[in-house]
Amino acid sequence: RAKDDRVAALLAPLHHRESGARVAAERALLAELDGSCRTPIAALAEIADGRLRLRALVALPDGSVMHQTERHGLPNDGAAMGRDAGAELRRRAGPAFFAALADA
């Protein structure tokens with residue numbers, strides 16, 4: 001219903017900007033990594049002093065291998081930060097890492 005302007009106008013007073021920025025960053029990271037409830041991915045976006053901090057990691061289920069990254073920026077850039085962090089984790093972990101997750 002993203003293009004439903006009437007519903008968007010009704011919901012606008014309920015929207016909390018900071019929460020929206022945090023969720024956008026976390027969701028963009030998960031989307032970039034094709035995250036599911038079976039994929040060990042962590043993402044935490046926080047806002048302090050007007051700045052967004054995104055911490056993220058991917059791990060093998062047994063915790064033997066872990067890749068982490070962090071981004072800092074403006075809250076409005078949350079989705080882009082999430083995509084960028086996800087792409088970095090995907091590159092650093094490599095295809096074998098994600099193949100092991102699919103087999104787990």
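Buried residues are those under 20% relative accessible area, and exposed residues are those over 50%. In this predicted model, strand E3 has two faces that differ in cover: His-67, Thr-69, Arg-71 and Gly-73 make up the covered face, whereas Met-66, Gln-68, Glu-70 and His-72 make up the uncovered one.

The protein chain has an average pLDDT of 91, and 99% of the residues score at least 70. Confidence is highest in strand E3 (residues 66-73), with a mean of 97, and lowest in helix H3 (residues 78-103), with a mean of 90. Where pLDDT is low, predicted coordinates should not be read in detail.

Strand E3 pairs with strand E2 (residues 51-59) in an antiparallel arrangement, and 8 bridges join the two. Within this pairing, Ala-56 stands opposite Thr-69 of E3, a residue of the covered face. The hairpin formed by E2 and E3 has 6 residues between the strands, and Gly-63 in this hairpin adopts a positive phi near 80°.

His-67 is located in strand E3. With a relative accessible area of 16%, His-67 falls under the 20% cut-off and is therefore buried. Apart from its neighbours within four places in sequence, His-67 contacts Ala-56, Leu-57, Val-58, Leu-89, Arg-92, Ala-93 and Phe-97. Among these partners, Ala-56 is the residue that stands opposite Thr-69.

Two packed helices are described by the angle between their axes and the distance between the axes. For helix H2 (residues 17-32) and helix H3, the axes come within 7 Å and cross at roughly 30°. Angles under 35 degrees count as roughly parallel, so H2 is roughly parallel to H3. The crossing of H2 past H3 is right-handed. On the H2 side, the contact is made by Ala-21, Ala-24, Ala-25, Ala-28, Leu-29 and Glu-32. On the H3 side, it is made by Gly-78, Ala-79, Gly-82, Arg-83, Ala-85, Gly-86, Ala-87, Leu-89 and Arg-90. Leu-89 of H3 is thus listed in the contact with H2 and is also a contact partner of His-67.

Pro-95 likewise lies in helix H3. The relative accessible area of Pro-95 is 71%, which is over the 50% cut-off, and Pro-95 is therefore exposed. Pro-95 and Ala-48 are separated by 47 residues in sequence and by 35 Å in space, C-alpha to C-alpha.

Notes: Residues are numbered from 1 along each chain as its sequence is written. This is a predicted model: local features need pLDDT of at least 70, side-chain atom pairs count only at pLDDT 80 or more; totals for chains, interfaces and linings use all residues. Side-chain values use heavy atoms; hydrogens and water are left out. pLDDT is the predictor's confidence in each residue, from 0 to 100. Helices (H or I, at least four residues) and strands (E, at least two) are DSSP runs, numbered from the N terminus. Buried means under 20% relative accessible area, exposed over 50%, partly exposed in between (1.4 Å probe, protein chains only). Two strands pair if DSSP finds at least two bridges between them. Axes are lines fitted to C-alpha atoms, for helices over the stretch in contact, and angles run from 0 to 180 degrees between N-to-C directions. Angles under 35 degrees count as roughly parallel, over 145 as roughly antiparallel, 65 to 115 as roughly perpendicular and the rest as oblique. A crossing is left-handed if the near helix is turned anticlockwise from the far one by less than a right angle, and right-handed if clockwise. Contact means heavy atoms within 4.5 Å.
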